[in-house]
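Visitor: I am new to reading protein models, and I would like to learn how to go from a picture to careful statements. Could you take me through one, feature by feature?

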Amino acid sequence: MEENFFNLHDTYYVVVHFHYVLSMGVVFALFAGFHYWVGKIFGQTYLKTLGQIHFWITVFGVNLTFFPMHFLGLSGMPRCIRDYLDAYAGWNSLSSSGSYISVVEICRFFMAITIT
């Protein structure tokens, strides 16, 4: 176990673990709190189907963003680099496409809020 710690230290594995556990836990809790309290605060309810669509697309985008980073970290990609090797290009492009999906879904979420 201790040798894995030194092998994975300062790799993308550390980055993905932090973002999965802490950041996405907070983001999903904020979205859940918003969906629960928006009707009580503003007097208008947010459509349940829009909330479910938002949840599932966000789950897909977040997992597509961060899950490939596990493989990058296990491959030894360092976390603080400006340019990466071509061997990591496939996983990084997959991760980038997931982040694009997440950004589009967050923009759609704010548009749905303004419409509601």
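Guide: Let us begin with a term: a residue is called buried when its relative accessible area is under 20%, exposed when that area is over 50%, and partly exposed in between. Please keep in mind throughout that this is a predicted model.

Visitor: With that cut-off in hand, which residues of H2 are buried?

Guide: The buried residues of H2 are Tyr12, Val16, Met24, Phe31 and Val38, and these residues pack against H3 and H4. When you follow H2 along its length, notice also that the helix bends by about 40 degrees at Tyr36, and that just after H2 comes Gly43, which takes a positive phi of about 80 degrees.

Visitor: Which residues make up the largest nonpolar core?

Guide: A nonpolar core is a set of buried residues of certain kinds, joined through side-chain atoms within 4.5 Å. Here the largest one has 9 residues, namely Tyr12, Val16, Met24, Val62, Phe66, Met69, Leu72, Met77 and Tyr88. Helix H2, covering 12-42, and helix H3, covering 48-74, each supply at least two residues of this core, and H3 gives the most, with 4 residues. Apart from this core lies another, of 5 residues, among them Phe31, Val38, Tyr46 and Ala112.

Visitor: If I pick Leu72 from the largest core, which residues does it touch?

Guide: Leaving aside residues up to four places away in sequence, Leu72 touches Tyr12, Met77, Tyr88, Trp91 and Asn92. Tyr12, Met77 and Tyr88 are also members of the largest core, which you can check by selecting them in the picture.

Visitor: How should I read a charged pair, and how many salt bridges does the structure hold?

Guide: The general idea is that side chains of opposite charge can pair when their charged atoms come close. This structure holds 1 salt bridge, which Glu105 forms with Arg108, the closest N and O atoms being 2.6 Å apart. Both residues lie in helix H4, 3 residues apart, which is about one turn of the helix.

Visitor: Are Glu105 and Arg108 buried or exposed, or something in between?

Guide: Glu105 counts as buried because its relative accessibility is 3%, a value that falls under the 20% cut-off. Arg108, with a relative accessible area of 25%, is partly exposed, so the two partners of the bridge belong to separate classes.

Visitor: What does Glu105 touch besides residues close to it in sequence?

Guide: Not counting residues up to four places away in sequence, Glu105 touches Ile53, His54, Ile57 and Thr58. Let us stay with His54, which is found in helix H3 and counts as buried because its relative accessibility is 2%. With the same sequence neighbours left out, His54 touches Phe31, His35, Glu105, Arg108 and Phe109, so both partners of the salt bridge appear in its list.

Visitor: Where do nonpolar residues form a patch on the surface?

Guide: Look for Phe67, Phe71, Leu74, Trp91 and Leu94, which form a nonpolar patch on the surface with about 450 Å² of accessible area together. The elements that give two or more residues to the patch are H3 and H4, and H3 gives the most, with 3 residues. Two members can serve as examples: Phe67, in helix H3, counts as partly exposed because its relative accessibility is 43%, and Phe71, also found in helix H3, is partly exposed with a relative accessible area of 33%.

Visitor: How far apart in space are residues that are separated along the chain, such as Phe55 and Glu105?

Guide: For such a question we compare separation in sequence with the distance between C-alpha atoms. Phe55 and Glu105 are 50 residues apart in sequence and 9.2 Å apart in space, C-alpha to C-alpha. Ile113 and Gly51 are 62 residues apart in sequence and 10 Å apart in space by the C-alpha measure, while the C-alpha atoms of Phe71 and Tyr88, 17 residues apart along the chain, are separated by 9.3 Å.

Visitor: What does Ile113 touch, and where does it lie?

Guide: Ile113 lies in helix H4 and is partly exposed, with a relative accessible area of 27%. Once residues up to four places away in sequence are set aside, Ile113 touches Phe34 and Tyr46.

Key: Residues numbered from 1 in each chain as written. Predicted model: local features only at pLDDT ≥ 70, side-chain atom pairs only at ≥ 80, totals over all residues. Heavy atoms only, no water. Buried < 20%, exposed > 50% of the residue type's maximum accessible area, 1.4 Å probe, protein only. Contact = heavy atoms within 4.5 Å. Patch = residues over 30% accessible without salt bridge, like charges linked within 9 Å, V, L, I, M, F, W, Y side chains within 5 Å. Areas by Shrake-Rupley, 256 points an atom, 1.4 Å probe, with all protein chains shown as cover. Salt bridge = Lys/Arg side-chain N within 4 Å of Asp/Glu carboxyl O. Bend = angle between axes of the 7 residues up to and from the residue.
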